[in-house]
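Visitor: Could you pick one part of this model and take me through it slowly? I'm new to this, so please explain the terms as you go.

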Amino acid sequence: VLDILVQPRRNAKAARRFLRGLITRFGTPRVVVVTDKLRSYIKPIRTLAAGAEHRALKGLNNAVEVSHRPTRKREKIFRQFKSPRQAQRFLAAHDQINLIFHSRRYKINAAACRHARADAFAL
C-alpha cells in the first residue's frame with residue numbers, strides 16, 4: 001500500500017490527481033500498477049504511467065484489502081470517523097506503520113517473525 005486518499009468522488013479527475021501525487025512522491029511505475037476494479041483508473045494510468053501494465057483482477061488486490069481490515073475494525077470501534085479530514089489523517093499514518101509491524105506471518109517461520117518484529121521496534 002503506497003497511499004490512501006479519502007475523497008468524495010471516485011471519478012477520472014480524482015484518480016488522475018491521486019496518481020499524479022503518487023508519481024511525484026515515488027516515481028513513475030516501471031512494470032505493474034495494481035488497483036481495484038474502478039474503471040476511472042484506466043485512462044490516467046495509461047497517460048501518466050505509459051510503460052506500466054495496469055492490472056485490476058479479482059485476486060491481485062487481496063493484500064491491499066487485507067491490510068485495510070485493521071482500519072475497518074478501528075473505524076467500527078470509533079463508530080465511523082467524524083470527518084473525511086480525520087479519516088485521511090488517520091489512514092495516512094496507519095497503513096505505513098501497519099505494514100512494518102504486521103509481517104506476512106504465513107510466509108516466514110517463527111524465528112524470522114521474531115527477528116522482523118525486533119527490527120520494526122528498533123526502527
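Guide: Let's start at Glu-53, which counts as partly exposed because its relative accessibility is 42%. On this scale, buried means under 20% relative accessible area, exposed means over 50%, and partly exposed is in between, using a 1.4 Å probe and protein chains only. Before we go on, a word on the source: this is a predicted model, in which local features need pLDDT of at least 70, side-chain atom pairs count only at pLDDT 80 or more, and totals for chains, interfaces and linings use all residues. Residues are numbered from 1 along each chain as its sequence is written, and side-chain values use heavy atoms, with hydrogens and water left out.

Now, who is the partner of Glu-53? Arg-55 forms a salt bridge with Glu-53, and their closest N and O atoms are 3.3 Å apart. A salt bridge here is a side-chain nitrogen of Lys or Arg within 4 Å of a carboxyl oxygen of Asp or Glu. The general idea is that side chains of opposite charge can pair when their charged atoms come close. Searching the whole structure turns up 1 salt bridge, so hang on to this pair as a landmark.

Arg-55 sits in strand 2, residues 53-55. Strands (E, at least two residues) and helices (H or I, at least four) are DSSP runs, numbered from the N terminus. With 32% relative accessibility, Arg-55 counts as partly exposed. Between the C-alpha atoms of Arg-55 and Asp-36 there are 8.5 Å, while 19 residues separate the two along the chain.

From strand 2, let's step over to Ile-45, found in helix 2. Ile-45 is buried, since its relative accessible area is 3%. Contact means heavy atoms within 4.5 Å. Setting aside neighbours within four places in sequence, Ile-45 is in contact with Leu-19, Val-33, Thr-35, Ala-50 and His-54. C-alpha to C-alpha, Ile-45 and Ala-15 are 8.8 Å apart in space, with their positions 30 residues apart in sequence.

Ala-15 turns up again with Ser-40, which lies in the loop between strand 1 (32-34) and helix 2. Beyond its neighbours within four places, Ser-40 is in contact with Arg-10, Asn-11, Ala-12 and Ala-15. Ser-40 counts as buried because its relative accessibility is 17%.

Next come some positive charges. Arg-9, Lys-13, Arg-16, Arg-17, Arg-20, Lys-43 and Arg-46 form a positive surface patch. Lys and Arg count as positive and Asp and Glu as negative, with His and the chain ends not counted. Patches use residues with over 30% relative accessible area and no salt bridge; like charges are joined within 9 Å, and nonpolar side chains (Val, Leu, Ile, Met, Phe, Trp, Tyr) within 5 Å. A charge is placed at NZ of Lys, CZ of Arg, CG of Asp or CD of Glu. Accessible areas come from the Shrake-Rupley method with a 1.4 Å probe, and for residues only the protein chains shown count as cover.

Helix 1 (12-26) and helix 2 (42-48) each supply at least two residues of the patch, and helix 1 gives the most, with 4 residues. Arg-16 is found in helix 1, and it is partly exposed, with a relative accessible area of 34%. Arg-17, another patch member, is touched by Gln-7, which also touches Ala-14, not counting residues up to four places away in sequence. Gln-7 belongs to the segment before helix 1.

To place all this, the protein has 6 helices and 2 strands, following the pattern α-β-α-β-α-α-α-α along the sequence. Of its 123 residues, 24% are buried.
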